[in-house]
Amino acid sequence: MPSWNDEETSSEEECEVVSMDMGLMEEPDTTVEPLFCGQLELAHPKCILHQLRPIKRVAFEGPVTGRRFYGCPVQENGVNCGVVEWVDGPWPTFLQRCLCKLWEMFHEQNFGRVQDKQKFEKELSRLKSEHERELAKLRTENDKLCIEYTKLVDDVSKMFDWQDGRVDKKVYQKQVEEEELEKKKKELEEKAMLEVQMEKLKLAKEQRCILQSQADIIKNTKKAMKAVEVDRDVLKKEKAKLELVVAELLKEG
């Protein structure tokens, strides 16, 4: 089982490897530093590929955070040479471990924020969908209330017209009777349609029963025919045996 010192040593080695890789390979992320910026005024050093004067930069990544260096001036639409030369030497091992830990904590918190944002967006979409459903439901109820309100207004206006004598009482009664007759007519039509459907269902059921009975009769007839054929074959065999016996008797006199 590794001890705490072993873990500390492995962490130191990891930070040292990271800083060495940063010094030898690609350019790290940088931050703006007003006291150390702009292009290098000296003729040397120059970047390896483009032979251009480098730019002053300050690293802002991993264990090299805060270290000043000269970087390749080609940043877009070209190949970047990486770090031309480090101005500051490597940080102490303890400081590198601290920087690694701080960046790790930063990434963990950032990942937590991303997860919280995703949960929030998911909850927001769920609430939006529920709100849309409720809004559609309220619109439907509003339409129903508008229809009922319009009908109520018509009824009230008719009542006031009848009271004011603008509409004859007989005409109003005739309209009521016509409405009742129309209502009864619809009820009778619906009842007749139901009866017709019931008759159709009944006939269909009887037809299925008849077809089933016919199928059973045909099936039983086939079975009986097969039995008759079997008996006929047996009788033929018995007849043949009897003929042989009679022929032998005749031969013997």
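Arg 68 sits in the middle ground between buried and exposed: with a relative accessible area of 32%, Arg 68 counts as partly exposed in this predicted model. Its side chain reaches Asp 88 in a salt bridge, with 3.0 Å between the closest N and O atoms. Because Arg 68 belongs to strand β3 and Asp 88 to the loop between β4 and α2, the pair ties together parts that are 20 residues apart in sequence. Asp 88, for its part, has a relative accessibility of 15% and so falls below the 20% cut-off for buried residues.

Strand β3, home to Arg 68, has partners in two other strands. With strand β2 (residues 55-59), β3 (residues 68-71) pairs in the antiparallel sense over four bridges. Here Ile 55 is found opposite Gly 71. With strand β4 (residues 83-86), β3 again pairs in the antiparallel sense, this time over three bridges. Tyr 70 has Glu 85 of β4 as its bridge partner.

The structure holds three salt bridges, and helix α2 also has a share in them. Arg 126 meets Glu 123, the closest N and O atoms being 2.2 Å apart. Both residues lie in α2, three residues apart, or about one turn of the helix. Arg 126 also forms a salt bridge with Glu 130, at 2.6 Å from N to O. That pair lies in α2 as well, four residues apart and again about one turn of the helix. Put together, Glu 123, Arg 126 and Glu 130 make up a network of salt bridges. As for cover, Arg 126 is partly exposed at 37% relative accessibility, Glu 123 is partly exposed at 35%, and Glu 130 is partly exposed at 30%.

Helix α2 (residues 93-164) also includes Met 159. This residue joins Leu 152, Val 156 and Phe 160 in a nonpolar surface patch of about 350 Å². Met 159 itself has a relative accessibility of 38%, so it counts as partly exposed.

Stepping back to the whole chain, the secondary structure comes to three helices and four strands. From the N terminus on, the elements run α-β-β-β-β-α-α. Of the 253 residues, 13% count as buried. The accessible surface comes to about 21500 Å², and carbon and sulfur atoms account for 59% of it. Among contacts with a separation of 6 or more, 53% are between residues 24 or more positions apart.

Methods
Residues are numbered from 1 along each chain as its sequence is written. This is a predicted model: local features need pLDDT of at least 70, side-chain atom pairs count only at pLDDT 80 or more; totals for chains, interfaces and linings use all residues. Side-chain values use heavy atoms; hydrogens and water are left out. Two strands pair if DSSP finds at least two bridges between them. Patches are made of residues with over 30% relative accessible area and no salt bridge: like charges are joined within 9 Å, nonpolar side chains (Val, Leu, Ile, Met, Phe, Trp, Tyr) within 5 Å. Accessible areas come from the Shrake-Rupley method with a 1.4 Å probe; for residues, only the protein chains shown count as cover. A salt bridge is a side-chain nitrogen of Lys or Arg within 4 Å of a carboxyl oxygen of Asp or Glu. Buried means under 20% relative accessible area, exposed over 50%, partly exposed in between (1.4 Å probe, protein chains only). Contact means heavy atoms within 4.5 Å.
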